[in-house]
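Trainee: Please pick one spot in this model and take me through it closely, then show me how the rest is put together around it. I'd like the cut-offs along the way.

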Amino acid sequence: MLDPATAELVRLEALLEVVVQAVALQDRAEAIIVGCAQPGDTSWEIARHGRVVAGQYGRLSSWAADLVWPTDRPPPPQRIVELLRYHLGMLDSALKLAFPQYRSDRLEHRRLSMTGLGAPARELRDIETALRTRIAALTPTPT
């Protein structure tokens with residue numbers, strides 16, 4: 001049985017690994033969203049890459065959800081799940097708008113206005129930094 005501090009450290013380290021992988025995918029996700037927002041037909045190559053990255057964000061959000069525990073200390077694990085689902089939702093929206101079942105001027109305008117992941121991507125990177133700081137504070141120093 002782990003003491004509470006050690007258990008929290010293990011959870012935080014596992015959550016950090018999920019966040020690190022999610023942040024590493026951000027450049028690819030941004031490129032896919034921007035690629036979907038270009039005028040004209042979108043390359044099927046973008047669709048293939050988009051499905052792969054969306055799948056990875058789906059897995060990461062599920063893993064993060066499995067790691068959620070009640071805590072009042074920052075960063076809140078539930079917020080990480082929300083941010084990962086946002087990333088997944090943005091990719092999904094970009095791909096659906098780039099490859100619609102039907103086209104309309106309103107949907108085309110929405111597609112062309114997409115610019116990337118925005119502030120939630122920065123928030124996830126900030127959370128990565130906060131997790132690293134928190135883990136460092138909880139990690140016992142060797143004597």
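## A close look at T42

Mentor: Let's start with the neighbours: leaving out residues up to four places away in sequence, T42 touches G35, C36, A98, F99 and R111, where contact means heavy atoms within 4.5 Å. Before going on, keep in mind that this is a predicted model, in which local features need pLDDT of at least 70 and side-chain atom pairs count only at pLDDT 80 or more, while totals for chains, interfaces and linings use all residues. Residues are numbered from 1 along each chain as its sequence is written, and side-chain values use heavy atoms, with hydrogens and water left out.

T42 sits in the loop between α1 (4-36) and α2 (44-67); helices are DSSP runs (H or I, at least four residues), strands are E runs of at least two, and both are numbered from the N terminus. Is T42 buried or exposed? T42 is buried, because its relative accessible area is 9%, and the scheme is under 20% for buried, over 50% for exposed and partly exposed in between, with a 1.4 Å probe and protein chains only. The side chain of T42 also makes a polar contact of 3.4 Å with the side chain of R111. That term stands for a pair of N or O atoms within 3.5 Å; within protein, one must be able to donate a hydrogen and the other to accept it, and residues adjacent in sequence count only if both atoms are side-chain atoms.

Now for the two helices on either side of that loop. The axes of α1 and α2 come within 9 Å and cross at roughly 155°, the axes being lines fitted to C-alpha atoms (for helices, over the stretch in contact), with angles from 0 to 180 degrees between N-to-C directions. That makes α1 roughly antiparallel to α2; the bins are under 35 degrees for roughly parallel, over 145 for roughly antiparallel, 65 to 115 for roughly perpendicular, and oblique for the rest. The α1/α2 crossing is left-handed, which is to say that the near helix is turned anticlockwise from the far one by less than a right angle (clockwise would be right-handed). On the α1 side the contact includes L25, R28, A29, G35 and C36, and on the α2 side V53, Q56, Y57 and L60 are among those taking part. G35 and C36 are also neighbours of T42.

Take Q56 from that list: Q56 lies in helix α2 and is partly exposed because its relative accessibility is 25%. Beyond its neighbours within four places in sequence, Q56 is in contact with L25 and R28. S61, also found in helix α2, is buried, since its relative accessibility is 4%, and S61 touches V81, L84 and R85 when residues up to four places away are left out.

On to the third helix. α1 and α3 pack at about 20° with their axes 10 Å apart, so α1 is roughly parallel to α3. This crossing is left-handed too. The pairing brings residues such as A22, A29, I32 and C36 of α1 up against residues including I80, L84, L91 and A98 of α3. A98 turns up among the neighbours of T42 as well.

α3 also packs against α5: the two axes come within 10 Å and cross at roughly 145°, and α3 passes α5 in a left-handed crossing. I80, L83 and L84 of α3 and L124, I127 and L131 of α5 are among the residues making that contact.

These helices share an interior. The largest nonpolar core, meaning a set of buried Ala, Val, Leu, Ile, Met, Phe, Trp, Tyr and Cys residues joined through side-chain atoms within 4.5 Å, has 37 residues, and Y57, I80, L84 and L91 have the most contacts inside it. α1, α2, α3 (77-98) and α5 (119-138) each supply at least two of its residues, with α1 giving the most, 13. L91 touches A29, I32, I33, V53, A54 and Y57, not counting residues up to four places away.

Finally, zoom out. The protein has 5 helices and 0 strands, and its C-alpha trace spans about 65 × 25 × 20 Å along the principal axes. Of the 143 residues, 38% are buried. Among contacts between residues at least 6 apart in sequence, 82% join residues at least 24 apart. As one example of sequence-distant positions, A5 in helix α1 is 134 residues from T139 in sequence, yet their C-alpha atoms are 9.2 Å apart.
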